[in-house]
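Hi,

Here is the structure I promised to pass on. Have a look at it first, and then read my notes underneath.

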Amino acid sequence: MASDQVARPVPATPVPRVLTPTTPSTPTTPTSRSRIPAFTPRTPKIGLCSPTPEGDFDSDNDSSFSPAQIPKGNQLIVRGCTTDVPAETPSVLVKDLLLNLGLDPQYDYFQDLPLVVSPFSDRPSNVSSACYVKLKFGGVDSSMEPRVDLLENVMRAISEARPNWEVRWSASRKGRSDKRLSCRLLDLYPGVTARNDIPVADLPVIRDHIEKLGYCVASIFASYGGPQVTFLLPSDADKFMALGTFAVPAKVSKHMARIEPLKEIPIERPFELVVSGMRDWELMELRIEKWVRKTAPGSWIGGQTTDLNSDLFIFSLATWADTLRVLCAEESFKKVFPESIASPRQLWDYNDNPTRRTLGDQVSKGADLISGTVKSMVAEIREMKSELQSVQIKLDNTVSSHSKLIDHVMSLDQRLCTTQQALLVQGCEEKIRSRIVELESQIGSLRMSLLFPADQQRKEEIQGLLEGLMVEIEQKRQDLTVASNQLASVIGIGPEVPDLPSPPGLPGFSPLDAATSSTPSATASAPLAIRPGKKRKTINGLVRGSAKNSTAAATDAEMTSDQ
């Protein structure tokens, strides 16, 4: 550690697992101790390594590469370092903690480590609770390996001393937006995607609203699709992003904001590698593992996919030398695997620039993409033509089905009209029958009155009433005959009656008028539609027979002859 970093006084507040001097003093490194280098001669490989199976892949196992190349992202990031003292930045807090940890016998070798603590960003306006910790690299030759085990010990020590801090491997380049603590608020401005179209005046209102709910906001600015919010603490970021949606003040937007976390693949092991383009391939991970085992025998630790991006396959090796050997075997990789699968690269490099391509790759892939797009469009056109024909057939079948349905509905409508006519005619017929029964009862009563003694004037009055009732009952019987024929014509039985009046409710219908206009001789000579003793066809049980009608007519005729 540099001398300017060592010269800071030890804080008076006790730290767990740290030996703090009883009096303020400036810890110094003993002169007899030497620094532990960031690179050491090749050490035994760490991790669980399985034997490499025999394969048919060509590997680039030669000595042309140089393991002295420094790996990207070989550093830690510490988040959540806050204090009430404005002068104590995250870098200062972490430096003081490392100095105190060096006084603990368990971590006394920290005093000999070339540790460098740097702020998250060099811009003073960038508010953050994070900083970086790394080993200062000096001269490196081909026989040296980066001491990631030392950084792992530092990570473990900081986590034990400060459980509320978050210590991880750095996942992207210094100074960029901390995606781990950032999210976007989408759907607030429908149809707006450009960040210049987002009202700047709304950003302070949204920030104040979020802070009133108890969250510490580090920054907020207009981004693509909506405001981007970066929190100060990892715990606040996790709680806020777990909401999924967020209601902003009504004066900002009446729409609910959809919370979208920024995607950054976390690095779990040092020197993790990633292969992209895996989404459209099955079991490709096994082929990649077989190739890696052939390229770097005995160094495979493990591989996995991630829910953050299904297009990626992430794996790691035991040493940086083997990792570099795989990175240098790009030509061998392209010979074995399809062009759509990108060659391995460091996960840190992918997070920093996921879409980086060379100009030659862009031209080559662009030409292949155009050719593939044309073929795909031709296939899609053929498929659409086939689907159109299928849709036309289905449409024809639908039209045919509709025609049959219309015919069926028209048939039902016709049957319904016939039923309504039959009901109307039957109602008129039943009304005439009821009147005939009433007249027969009155005639019987008058005839009974003639059997009792009475003066001549009374008998003449009764006789006059009987004659009137007989004329009316005869007229009703004629009306009943007309109604019966009308009903028989409607339901389609018996001889057709020409020019019958329409049923009640239709223009021109009047059973009494029709009966009145018929002469007695014509009525008497007209054949009955239904013979006595025969049952009549029915519609829904409306009419059951006409024998009763014929019997009633015969009885009335006998009564008239007796008179």
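Below is what turned up, going from the whole protein to a few spots in it.

One thing to keep in mind: this is a predicted model.

**The whole protein**

The protein has 563 residues, and 38% of them count as buried. Its secondary structure comes to 14 helices and 15 strands. If you take the contacts between residues at least 6 apart in sequence, 73% of them join residues at least 24 apart. The accessible surface is about 32000 Å², with 55% of that belonging to carbon and sulfur atoms.

**Helix 4**

Start with D202, L203, I206 and I210, the buried residues of helix 4. Looking down the helix axis, you'd find them within an arc of 100°, so they line one face of helix 4. What covers them? The list includes strand 7 (182–186), strand 8, strand 9 (226–231), helix 5 and strand 10 (245–246). Just after helix 4 comes G214, and its phi is positive, near 100°.

**Helix 5**

Helix 5 runs over residues 234–241, and its buried residues are P234, D236, A237, F240 and M241. These cover an arc of only 160° around the axis, which puts them on the same side of helix 5.

**Aromatic pairs**

Searching the whole structure gives 13 aromatic pairs. Y109 and F110 make one of them: the pair is edge-to-face, with 5.0 Å centre to centre and 85° between the planes. Are these two buried or exposed? Y109 has 21% relative accessibility and buried means under 20%, so Y109 counts as partly exposed. F110, at 1% relative accessibility, counts as buried.

Another edge-to-face pair is Y215 with F240, at 5.4 Å centre to centre and 80° between the planes. Y215 sits in the loop between helix 4 (202–212) and strand 8 (217–223), while F240 belongs to helix 5, so this pair ties together parts that are 25 residues apart in sequence. Both Y215 and F240 are buried. They also belong to a cluster: ring pairs link Y215, F231, F240 and F246.

**One more spot**

Have a look at W165 too: R162 lies over the face of its ring, 5.5 Å from the ring centre.

If you open only one region, I'd go for Y215 and F240, since you can look at helix 5 and the ring cluster from there.

Cheers

Methods. Residues are numbered from 1 along each chain as its sequence is written. This is a predicted model: local features need pLDDT of at least 70, side-chain atom pairs count only at pLDDT 80 or more; totals for chains, interfaces and linings use all residues. Side-chain values use heavy atoms; hydrogens and water are left out. Buried means under 20% relative accessible area, exposed over 50%, partly exposed in between (1.4 Å probe, protein chains only). Helices (H or I, at least four residues) and strands (E, at least two) are DSSP runs, numbered from the N terminus. The arc is that of the directions from the helix axis to the C-beta atoms. Rings of Phe, Tyr and Trp (its six-membered ring) pair if their centres lie within 6.5 Å; planes under 30 degrees apart count as stacked, over 60 as edge-to-face and the rest as tilted. A charge sits over a ring if NZ of Lys or CZ of Arg is within 6 Å of the ring centre and within 35 degrees of the ring normal. Contact means heavy atoms within 4.5 Å. Accessible areas come from the Shrake-Rupley method with a 1.4 Å probe; for residues, only the protein chains shown count as cover.
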